[in-house]
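Work through the exercises below with the sequence and the model open. Each task is followed by a solution in steps.

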Amino acid sequence: MSHQKSLCETNPDVKEQLKKFKFNKVQKNAGIVLKINKDDMSIVFDEKYLDDDYSNIDDLFEEIRNDLPPSQPRFILLTYDYTRKDRKSNEYVFIYVSPAGCPNDLMMMYAGSKKEFVK
């Protein structure tokens with residue numbers, strides 16, 4: 001079985017901050033949008049939605065959606081409060097956004113880097 005190398009590497013600072021984001025004990029709705037820096041072919045932060053009080057996940061979705069560039073791909077990592085059978089937890093969601101009209105080279109960079117980022 002062959003091992004595929006990612007087109008882009010995740011910036012070490014981004015990896016460290018994502019660990020903190022993932023293991024944060026404060027349960028609240030939050031999001032991080034990441035992009036690929038074409039100059040050094042690394043995955044870097046684009047926007048962070050950490051400090052505002054998004055008590056409603058729909059408000060967070062709406063703000064992120066409004067801030068996304070209309071013709072460029074992005075990676076989005078969300079965490080949201082979830083209650084099931086009286087047990088509260090935080091769920092994590094990875095979203096890969098690739099709008100119609102994106103340049104083919106960008107779509108290929110993001111598609112080729114998605115697996116590396118999810119790890």
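**Exercise 1. Locate Val 33, decide whether Val 33 is buried or exposed, and list what Val 33 touches.**

Step 1. In this predicted model, Val 33 lies in strand E2.

Step 2. The relative accessible area of Val 33 is 1%. Buried means under 20%, so Val 33 is buried.

Step 3. Leave out residues up to four places away in sequence; Val 33 then touches Phe 45, Asp 46, Glu 47, Tyr 49, Ile 64, Leu 68, Arg 74, Phe 75 and Ile 76.

Step 4. For a distance check, take Asp 51: Val 33 and Asp 51 are 18 residues apart in sequence, and their C-alpha atoms are 14 Å apart.

**Exercise 2. State which residues touch the most other members of the largest nonpolar core, and which elements supply at least two residues of this core.**

Step 1. The largest nonpolar core has 16 residues, and Leu 18, Leu 34 and Ile 43 touch the most other members.

Step 2. At least two residues of this core come from each of helix H1 (12–22), strand E2 (30–37), strand E3 (42–49), strand E4 (74–84) and helix H3 (104–118).

Step 3. Take Leu 34 as the example. With neighbours within four places in sequence set aside, Leu 34 is in contact with Val 14, Ile 43, Val 44, Phe 45, Asp 46, Arg 74, Phe 75, Tyr 110 and Phe 117.

Step 4. A second, separate core has eight residues, among them Tyr 49, Ile 57, Leu 60 and Ile 76.

**Exercise 3. Test the end-to-end length of H3 against the expected span, then find where H3 is kinked and what covers its buried residues.**

Step 1. H3 has 15 residues, and at 1.5 Å a residue these should span 21 Å. The expected span is 1.5 Å times one less than the number of residues.

Step 2. The end C-alpha atoms of H3 are 21 Å apart, which agrees with the expected span.

Step 3. H3 has a kink of about 30°, and this kink is centred on Gly 112.

Step 4. Leu 106, Met 109, Tyr 110, Ser 113, Glu 116 and Phe 117 are the buried residues of H3.

Step 5. The cover over these buried residues includes strand E1 (9–10), H1, E2, E3, E4 and strand E5 (87–97).

**Exercise 4. Describe the largest pocket by its space and its lining.**

Step 1. The largest pocket holds about 450 Å³ of space.

Step 2. Its lining has 15 residues, of which Leu 18, Lys 22, Phe 117, Val 118 and Lys 119 are the closest to the pocket centre.

Step 3. H1, E5 and H3 are the elements that give two or more residues to this lining. The largest share, five residues, comes from H1.

**Exercise 5. Place Tyr 80 and Ser 89, and say for each whether the residue is buried or partly exposed.**

Step 1. Tyr 80 belongs to strand E4, and Ser 89 belongs to strand E5.

Step 2. Tyr 80 has a relative accessible area of 25% and is therefore partly exposed. Ser 89, with 15%, is buried.

Step 3. Beyond four places in sequence, the contacts of Tyr 80 are Lys 28, Asn 29, Ile 57, Ser 89, Asn 90, Glu 91 and Val 93.

Step 4. The C-alpha atoms of Tyr 80 and Asn 56 are 9.1 Å apart, with their positions 24 residues apart in sequence. For Ser 89 and Thr 79, 10 residues apart along the chain, the C-alpha separation is 9.9 Å.

**Exercise 6. Which loops hold Met 41 and Asp 86, and what is phi at each?**

Step 1. Most residues other than glycine have a negative phi.

Step 2. Met 41 is in the loop between E2 and E3, and its phi is positive, near 55°.

Step 3. Asp 86 is in the loop between E4 and E5; its phi is also positive, about 60°.

Step 4. Met 41 is partly exposed, at 31% relative accessibility, whereas Asp 86 is exposed, at 82%.

**Exercise 7. Summarise the whole protein: how many helices and strands, in what pattern, and what percentage of residues is buried?**

Step 1. The protein has three helices and five strands, in the sequence pattern β-α-β-β-α-β-β-α.

Step 2. Of its 119 residues, 34% count as buried.

Step 3. Among contacts between residues at least 6 apart in sequence, 58% join residues at least 24 apart.

Methods. Residues numbered from 1 in each chain as written. Predicted model: local features only at pLDDT ≥ 70, side-chain atom pairs only at ≥ 80, totals over all residues. Heavy atoms only, no water. Core = buried A, V, L, I, M, F, W, Y, C linked by side-chain atoms within 4.5 Å. Buried < 20%, exposed > 50% of the residue type's maximum accessible area, 1.4 Å probe, protein only. Helix = DSSP H or I, 4+ residues; strand = E, 2+ residues; numbered from the N terminus. Contact = heavy atoms within 4.5 Å. Bend = angle between axes of the 7 residues up to and from the residue. 1 Å grid on protein atoms, 1.4 Å probe; cavity = no way out; pocket = protein on both sides within 12 Å on 5 of 7 lines; lining within 4 Å. Points joined across faces, edges and corners; volume = space filled by probe spheres on them.
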